[in-house]
Each structure stands twice: as C-alpha cells, then as structure tokens.
Amino acid sequence: MLDFIDLKQQQKLIRDKVDKRICKVLDHGQYIQGPEVKELEKELSLFSKSKFVLCCSSGTDALVLGLIALGLKPNEGVIVPSFTFASTAEAVCMLGGIPFFSDVKLDTYNICEESIIKSIDKANKIGINLKGIITVGLFGQPCDMDKIKEIADINNLWVFDDAAQSFGAKYKDKISGNLCEISATSFFPAKPLGCYGDGGALFTNNENFYKIAYSSHLHGMGNNKYEYDRIGMNGRIDTIQAAILLEKLKIFKSELLKREEIAKYYIKRFLKFNTNINVPKLTNNTNSSWAQFTIQLPLNCNREKFQSLMRQKNIPTAIYYPIPIHCQSPYQNFPISPDNLKNTIELSNRVVSLPMHPYLSQKNVDYISTTADEIITSLI
Ligand SMILES: Cc1ncc(COP(=O)(O)O)c(C=O)c1O
C-alpha cells in the first residue's frame, strides 16, 4: 500500500539532527518550558513575520487560547464554516460561545463571503451578539482575507484564522499565520509542519492578545508563579516537541515547494483526462501549503466504490470531511446561514483526498492519477 502521508522519508533525512536535539533536552532536563520553546517561538516569528508567537499544546488549544485573548464570552456568536475539522467550532463552544455555521465555496472549499453576510443579517434578526469570524484555510489555501476583513470591519467583528492546515501558505505575499489579528496552527504529526505528538501555536501582532494567551496557557499565571490573574488552562507545548519542530522548520520551506510541485503535477495529469473530476482551484494571489490534495468526484460516481477500488490497487484515500459539523449531533441546535449550507453538503458527499506529501514521486502521481481516472471512468 502506498502511504497517504509518508513521515518516514522525512524522518530519515533529519533523524540524526532530531536525535541530537532530543538528547540535548534529555541532558538539560527542562522538559517543560525549556529553552527550545522560546527558540522555536523566535524562529516561527521570523518565518511568519508575526511579532508574537506562543507555542502551545495543540491546534485546538491554540484556538481556545486565541478566543480567550479576543475576550469571547458565553452566548456570544462566532461565524465559522461547517466544512472543517471539529476544533474550529468546538473551541467556540468550549468557552460557551455560539458557533454560527456558514457555507463554503465549491471551488476553494473556504468560507463564502456571501454566506457570511447572510449569517450576519440572520444573527441580527434573531438577536445573536456576533463578535467575530473564524476563517479556515482548508486543505492549505488561505481564505480571501481582504474581502472577509472588509465585511468584518463594517460589522465590527474580529477575524481569527484557523491556519491548522494552511500555515506557511501565502496570501498576497503575506504568510498564513499573519493574515489577520490572530491566527492559530496545529503541529499534529500529519500537518505540513508537524511534530511527533501534539502541539500548536498562536500568532499575533497584538501584544495584549499575546499577554492574555501567554498567561492563560500557564493556568492564568500573573507576575509570579502560583499567583493568578485569570482562570486559565495547561496549554504548554512539551520541550521535546519544540526541539523536534526546530529541525522540521529548517526544511519546511523546501517541503512546501515540493508539495506545490506535486500538486501542480497532479492537476496537470487530471486536466489531461476527460473524467469531470474537479481539481483544487487556487484564487489569484494565493498559494497553498497543500495539506491535502482533495478532488471532487463526478456527481454520479459512487465514492465508496471508488475508494474500495483504489484500495485494491494499493492506493489509500481519505474523506475530509464526510459529515459537516452542523449535521453532527452535538452541533445540531446551533444557527446556520439562511443558504442552508448547500455547498457544504455537496462537498461532504463528493470530496476525496489522495496521497499527498513532499516525498511523493512523479511515478507514483502518474500511477495514482491514471488509476483514479480509470476507476472513475468505469463507475460513471
Ligand atoms: C482545520 C483544523 N483546525 C484545528 C485543528 C486542530 O488541531 P489539533 O489536532 O492540533 O488540536 C485541525 C487538526 O486536525 C484542523 O484540521
């Protein structure tokens, strides 16, 4: 079976350096808040050009910490896409907020500006006190931030970017992680920049947001240990994970370029075929970190059969995401945009992600795309 995401090849390249980094942590013994954490924050700040970076325990916790910094209170509303991973909405709920689900665009998979506007109108009508919008650069491409910020400004809302999948991608020459007031990312192992466990980071140019998030991730610590300014949480990253990320970050730029090359090659291959597969589309002035390579099957193609036939040919596939968040039982009573999230429903039925990682060979892309084309042709 081919790998869906191959972390072994990357590890082989950097194993010696990672081993040395881990040994160094074992030698100094500062497993919590060791010097590698600050070093990583500094490197991430240089990489993203974001003034303040807080490394933390996961992408989900980065979202919660960001919402705490933004001052989200119980019963306040936040517009979120429904076509995303659970954390985007979950973080809002963890603070007692109300996720207001909006639709995404069929071509980019990212939140749709018209749907945001409709959600704002509906929120005003039904008396939900909206405070902000969480954007998600799903599968790697950042959202159209200028348009979203314009809507947010007019309506006095903040914008918080969930860049768990899009960290490192660009929007108008700015790096994802630095596209709005505050951004979060995840270092889950399968992410474009992943560690060997859980981890995440928060990015902002606002010192006050940083200070609140910093204190909150240390149980609300004040100026002295065991003195608290607020109710917080344990949101720390392990020093060993920070040490591993320092080595991974060194090759991150070159891996992003490799992902881009592979994605372009996939697209070129699929466009040659005649099978009505929708390949990912990039909008002007953006690139993608290609966390996933996600296609849309023709409407009349049975996705389960497609996956099973691909598996028989040793090609793994994945569905991100089969059930939109607003259709899942814990989230069913939250408000949704008046457009009823039609694109979200359609995508959840049609999308399928193919193997994608920086070490995927052209030969394997040829094999995957040819096989996918043959199977789809046989199924429609
Ligand atoms: C869009 C999105 N947001 C948030 C997260 C949460 O990250 P973590 O798993 O590090 O908590 C993920 C991870 O899968 C994600 O894909």
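## Helix α5 and its buried side

In this predicted model, helix α5 buries four residues: S115, I116, S119 and I120. Around the axis they cover an arc of only 145 degrees, which puts them on the same side of α5. The pattern fits what one expects of helices in general. An α-helix has 3.6 residues a turn, so residues three or four places apart point the same way. On the other side of α5 you will find N124 and K125, both exposed.

What do the buried residues of α5 pack against? Their partners are three strands, β2 (76-81), β3 (98-102) and β4 (129-136), together with helix α6 (145-154). The length of α5 also works out: its 14 residues, 113-126, should span 20 Å at 1.5 Å a residue, and the end C-alpha atoms are 20 Å apart, which agrees. Just after the helix comes G127, with a positive phi near 80 degrees.

## Two domains and their contact

The chain is divided into domain 1, made of 7-101 and 110-248, and domain 2, which covers 253-379. Between the C-alpha centres of domain 1 and domain 2 there are 25 Å. To the contact, domain 1 brings 34 residues and domain 2 brings 31 residues.

Which elements give two or more residues to the side of domain 1 that touches domain 2? They are α1 (7-28), β3, α5 and β6 (170-171). Here α5 turns up again, since α5 gives the most to that side, with five residues. By class, the side of domain 1 that touches domain 2 has 17 nonpolar, 11 polar and six charged residues.

## Around the ligand

The ligand has 15 residues around it, and S58, G59, T60, A164 and S186 come nearest. Two helices, α3 (59-70) and α4 (87-94), are the elements that give two or more residues to this shell. Nine residues of the shell are polar, four are nonpolar and two are charged.

## Helix α11 and the loop before it

Now to another helix with a buried face. In α11 (362-379), the buried residues are V365, I368, S369, A372 and I375. Seen down the axis of α11, they fall within an arc of 135 degrees, so they line one face of the helix. Turned away from that buried side is a face with the exposed residues Q362, K363 and S378. The buried residues of α11 pack against α8 (239-272), α9 (303-312) and β11. From first C-alpha to last, the 18 residues of α11 reach 26 Å, close to the 26 Å expected at 1.5 Å a residue.

S361 sits in the loop between β11 (351-354) and α11. Is S361 buried or exposed? Only 12 or fewer C-beta neighbours within 10 Å make a residue exposed, and S361 counts as exposed because it has 9 inside that distance. S361 and S87 are 274 residues apart in sequence, and their C-alpha atoms are 32 Å apart in space.

## Helix α10

The buried residues of α10 (342-350) are N343, T344 and L347. Seen down the axis of α10, they fall within an arc of 100 degrees, so they line one face of the helix. These buried residues pack against β10 (293-296) and β11. Strand β11 is also among the elements that the buried residues of α11 pack against.

## Backbone points worth a look

Most residues other than glycine have a negative phi, and most peptide bonds are trans. Against that background, a few places in the loops are worth a visit. Q33 has a positive phi, near 55 degrees, and lies in the loop between α1 and α2 (35-48). With 14 other C-beta atoms within 10 Å, Q33 is partly exposed.

N156 also has a positive phi, near 60 degrees. Its place is in the loop between α6 and β5 (158-162), and N156 counts as exposed, with 9 C-beta neighbours inside 10 Å. Which peptide bond is cis? It is the one from Y320 to Y321, with omega near 5 degrees. Y321 belongs to the loop between α9 and α10.

Methods. Residues numbered from 1 in each chain as written. Predicted model: local features only at pLDDT ≥ 70, side-chain atom pairs only at ≥ 80, totals over all residues. Near = placed C-beta within 6 Å. Nonpolar A, V, L, I, M, F, W, Y, C, P; charged D, E, K, R; others polar. Expected span 1.5 Å × (residues − 1). Buried ≥ 20, exposed ≤ 12 C-beta atoms within 10 Å, placed from the backbone. Arc of directions from axis to C-beta. Contact = placed C-beta atoms within 7 Å. Domains from an automatic or database assignment.
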